[in-house]
Amino acid sequence: MTSQTNAPLPAVAVRNLEKTFVLHTQGGARLPVFAGLTLDVFPGECVALHGPSGAGKSTLLRSLYANYKPGSGQVLVRHDGGTVDMVSATPHQILAVRRHTMGYVSQFLRVIPRVSTLDIVAEPLITLGTAPEEARDRARALLTRLRIAERLWSLAPATFSGGEQQRVNIARGFSVPYPVLLLDEPTASLDAANRATVLELITEAKQRGAAVIGIFHDADARAAVADRLFDVLPVPSQAA
Amino acid sequence: MTMTPPAPLLRVEGLTHYYGSRLGCGDVSFDLYPGEVLGIVGESGSGKSTLLSCLSARQEPGGGRVLYQSRHDGEIDLYSVSEPRRRLLMRTEWGIVHQNPRDGLRMTVSAGANIGERLMAVGARHYGEIRDQAIDWLGRVEISDDRTDDLPRTFSGGMQQRLQIARNLVTQPRLVFMDEPTGGLDVSVQARLLDLLRGLVSSLGLSVIIVTHDLAVARLLAHRLMVMKEGRVVESGLTDQVLDDPHHPYTQLLVSSVLQV
Ligand SMILES: Nc1ncnc2c1ncn2[C@@H]1O[C@H](COP(=O)(O)OP(=O)(O)OP(=O)(O)O)[C@@H](O)[C@H]1O
Ligand SMILES: Nc1ncnc2c1ncn2[C@@H]1O[C@H](COP(=O)(O)OP(=O)(O)OP(=O)(O)O)[C@@H](O)[C@H]1O
Ligand SMILES: [Mg+2]
Ligand SMILES: [Mg+2]
């Protein structure tokens with residue numbers, strides 16, 4: 001039933017996505033963030049989300065990952081030979097997409113208490129069935145590349161500096177060769193050498209065919225990896 | 001290549017229970033898949049323990065069905081099979097970890113016997129093997145083997161709770177119910193127990209239904225959450241969705257009441 005065409009299919013196709021927060025603890029205030037949002041991202045390209053602070057860039061990224069629940073629209077992700085709509089998928093399907101297809105590097109590491117840095121980075125691979133020692137080898141390689149001192153590997157990152165935590169987070173996000181990568185400010189608060197390493201990792205991911213959607217505060221970083229910009233515009237205020 | 005999704009281990013349909021005219025839990029439905037951890041959160045009196053009792057064959061519900069995919073006999077309707085059958089299932093395929101270790105342990109026999117008698121209940125007979133397995137499990141829950149012959153009442157609260165977990169897991173259950181397993185313990189003891197649970201759940205591929213009022217515990221252990229209020233499920237979904245983008249007014253209140261989860 002599959003017809004071979006040369007036109008590539010998007011790895012992620014966003015259709016008419018709408019997100020409004022309703023704040024019940026604040027008198028039911030409605031906070032529309034975006035509506036009618038449509039976007040295609042293809043394998044091997046990097047799209048940078050662009051817009052002023054508060055425009056909804058992180059909200060969009062989280063909605064793609066199904067961390068936030070959009071009110072309507074679709075987020076169609078190519079997964080396991082088919083397509084999954086992250087807006088209407090069951091929790092079970094969403095977890096499968098997150099395990100195999102979609103990686104997300106949040107702006108801040110959410111520390112799992114008392115789990116060592118090495119295990120935090122190796123965990124996504126182990127969950128996919130990679131032998132623990134092989135997963136840890138991959139984790140060691142990434143941590144080395146990201147200049148995390150070896151003496152920190154056996155420690156939980158709770159006490160690490162902001163930049164160290166962010167690099168652990170990045171190492172974890174790049175441990176599995178996900179076909180889709182979502183990156184929220186991956187280069188913020190990193191020094192020049194580490195920023196260059198992260199940009200290299202992103203470029204390598206693109207070269208192996210990953211579709212990358214990122215938020216880059218830093219214009220140079222954006223210019224170095226993004227193939228195009230996607231404007232996220234604040235929804236005009238409802239107030240008269 | 002397509003991965004066919006496994007069948008749910010548990011299917012719950014319209015589960016309802018009243019105490020007289022007071023609603024315990026009402027119209028609860030969900031599926032639980034193998035290896036999945038489901039958290040139940042909500043305020044005191046919202047029906048969490050009632051629901052857990054109805055799910056785990058300890059309280060016959062007034063309405064609804066609990067369908068369980070058994071190891072050998074296909075899907076079983078929990079409350080339409082005979083009582084002995086249900087008891088056998090509980091013994092061989094399920095575990096129940098109570099908030100109070102006294103409800104889940106036999107306080108008058110040794111730690112080793114607490115584990116060993118569960119093995120005997122599923123047919124183990126060889127004394128040496130039973131004792132070896134008991135000691136192995138004490139080790140896995142970080143109780144040293146020189147405590148094997150001590151009574152549980154000589155243990156601290158955290159150790160008792162770990163012993164209760166070992167007693168439940170030694171028979172290799174597929175589904176474990178836990179009602180506030182870390183409640184009533186010091187914070188540092190709680191933390192250690194949580195680490196242990198996290199490790200066991202992922203290495204054994206257990207399915208777990210865990211009641212907790214602690215959202216941090218839920219964040220750490222549960223893949224999915226159900227939020228209960230006044231006997232009803234008011235919101236459910238992936239744990240991170242429910243905690244990061246809560247929709248129901250009650251869930252928003254619950255999440256905003258704690259500092260950071
Ligand atoms: N969980 C949430 N609950 C309620 N409102 C939220 C939530 N997350 C984001 N918002 C709101 O949505 C709007 C968009 O926020 P978002 O974080 O997506 O902006 P951003 O474009 O990433 O900004 P920045 O560049 O500052 O990171 C803001 O008004 C924010 O307050
Ligand atoms: N055996 C019983 N007889 C009568 N009413 C009961 C009984 N058990 C519970 N209830 C009532 O049913 C409701 C739900 O109780 P349940 O114990 O399920 O709550 P819970 O969510 O577990 O609360 P907690 O967090 O305090 O343990 C409450 O109103 C309670 O008073
Ligand atoms: Mg942001
Ligand atoms: Mg209770």
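The following exchange covers the contact between two chains, two ligand sites and the salt bridges of a predicted model.

Reader: What makes Arg98(A) and Asp240(B) a salt bridge?

Author: The distance and the atom types. A side-chain nitrogen of Lys or Arg must lie within 4 Å of a carboxyl oxygen of Asp or Glu. The side chains of Arg98(A) and Asp240(B) meet at 2.9 Å, N to O. So the pair passes the rule.

Reader: How many salt bridges cross the interface of chain A and chain B?

Author: The rule finds five across that interface. Over all chains, the structure holds 32.

Reader: How many residue pairs are in polar contact between chain A and chain B?

Author: Twelve residue pairs, with both residues at pLDDT 80 or more. On the chain A side, β1 (12-23) and α2 (91-100) each supply at least two of the residues that touch chain B. The largest share comes from α2(A), with six residues. By class, that side of chain A has eleven nonpolar, five polar and eight charged residues.

Reader: How many residues does each chain bring to the contact?

Author: Chain A gives 24 residues and chain B gives 26 residues. Between them, the two chains bury about 2200 Å². Carbon and sulfur atoms carry 51% of that area. In chain A, the residues that lose the most area to chain B are Lys69(A), Asp80(A) and His92(A). Together they make up 29% of what the chain A side buries.

Reader: Why is the site of ligand 1 called shared between chains?

Author: Because residues from chains A and B surround ligand 1. There are 14 residues around this ligand. Those that come nearest are Ser53(A), Gly54(A), Lys57(A), Ser58(A) and Thr59(A).

Reader: What makes Ser53(A) a polar contact of ligand 1?

Author: The cut-off is 3.5 Å between N or O atoms. A polar side-chain atom of Ser53(A) lies 2.6 Å from an oxygen atom of ligand 1. That distance is within the limit, so the pair counts. Ser58(A) also uses a polar side-chain atom, 2.9 Å from a ligand 1 oxygen. Gly56(A) uses a backbone N or O atom, 2.9 Å from an oxygen atom of ligand 1.

Reader: How much of ligand 1 does the protein bury?

Author: Taken alone, ligand 1 exposes 630 Å², and the protein buries 66% of that. The elements giving two or more residues to its shell are β1, β2 (29-41) and α1 (57-64) of chain A. The largest share comes from α1(A), with three residues. By class, the shell divides into seven nonpolar, five polar and two charged residues.

Reader: Which residues stand around ligand 2?

Author: The set is Tyr19(B), Arg22(B), Glu43(B), Ser44(B), Gly45(B), Ser46(B), Gly47(B), Lys48(B), Ser49(B) and Thr50(B). Helix α1 (residues 48-55) of chain B gives the most, with three residues.

Reader: What makes the shell around ligand 2 one nonpolar, six polar and three charged residues?

Author: The class list decides. Tyr counts as nonpolar, so Tyr19(B) is the one nonpolar residue. Asp, Glu, Lys and Arg count as charged, so Arg22(B), Glu43(B) and Lys48(B) are the three charged residues. Gly is put among the polar residues, so Gly45(B) and Gly47(B) belong to the six polar ones.

Reader: How do you know that Ser46(B) makes a polar contact with ligand 2?

Author: A polar backbone atom of Ser46(B) is 3.1 Å from an oxygen atom of ligand 2. The limit is 3.5 Å, so the contact counts. Gly45(B) has a polar backbone atom 2.7 Å from a ligand 2 oxygen. For Ser44(B), a polar side-chain atom lies 2.5 Å from an oxygen atom of ligand 2. Ligand 2 taken alone exposes 640 Å², of which the protein buries 59%.

Reader: What makes Asp119(A) and Arg136(A) a link between distant parts of the chain?

Author: Their side chains meet in a salt bridge at 3.0 Å, N to O. Asp119(A) sits in helix α3 (residues 117-127) and Arg136(A) in helix α4 (residues 132-145), 17 residues apart.

Conventions
Residues are numbered from 1 along each chain as its sequence is written. Chains are lettered from A and ligands numbered from 1 in the order in which they are written. This is a predicted model: local features need pLDDT of at least 70, side-chain atom pairs count only at pLDDT 80 or more; totals for chains, interfaces and linings use all residues. Side-chain values use heavy atoms; hydrogens and water are left out. Contact means heavy atoms within 4.5 Å. Buried area is the accessible area (1.4 Å probe) that two parts lose on being put together, summed over both. A polar contact is a pair of N or O atoms within 3.5 Å; within protein, one must be able to donate a hydrogen and the other to accept it, and residues adjacent in sequence count only if both atoms are side-chain atoms. Helices (H or I, at least four residues) and strands (E, at least two) are DSSP runs, numbered from the N terminus. A residue is near a molecule or strand if one of its heavy atoms lies within 4 Å of it. Accessible areas come from the Shrake-Rupley method with a 1.4 Å probe; for residues, only the protein chains shown count as cover.
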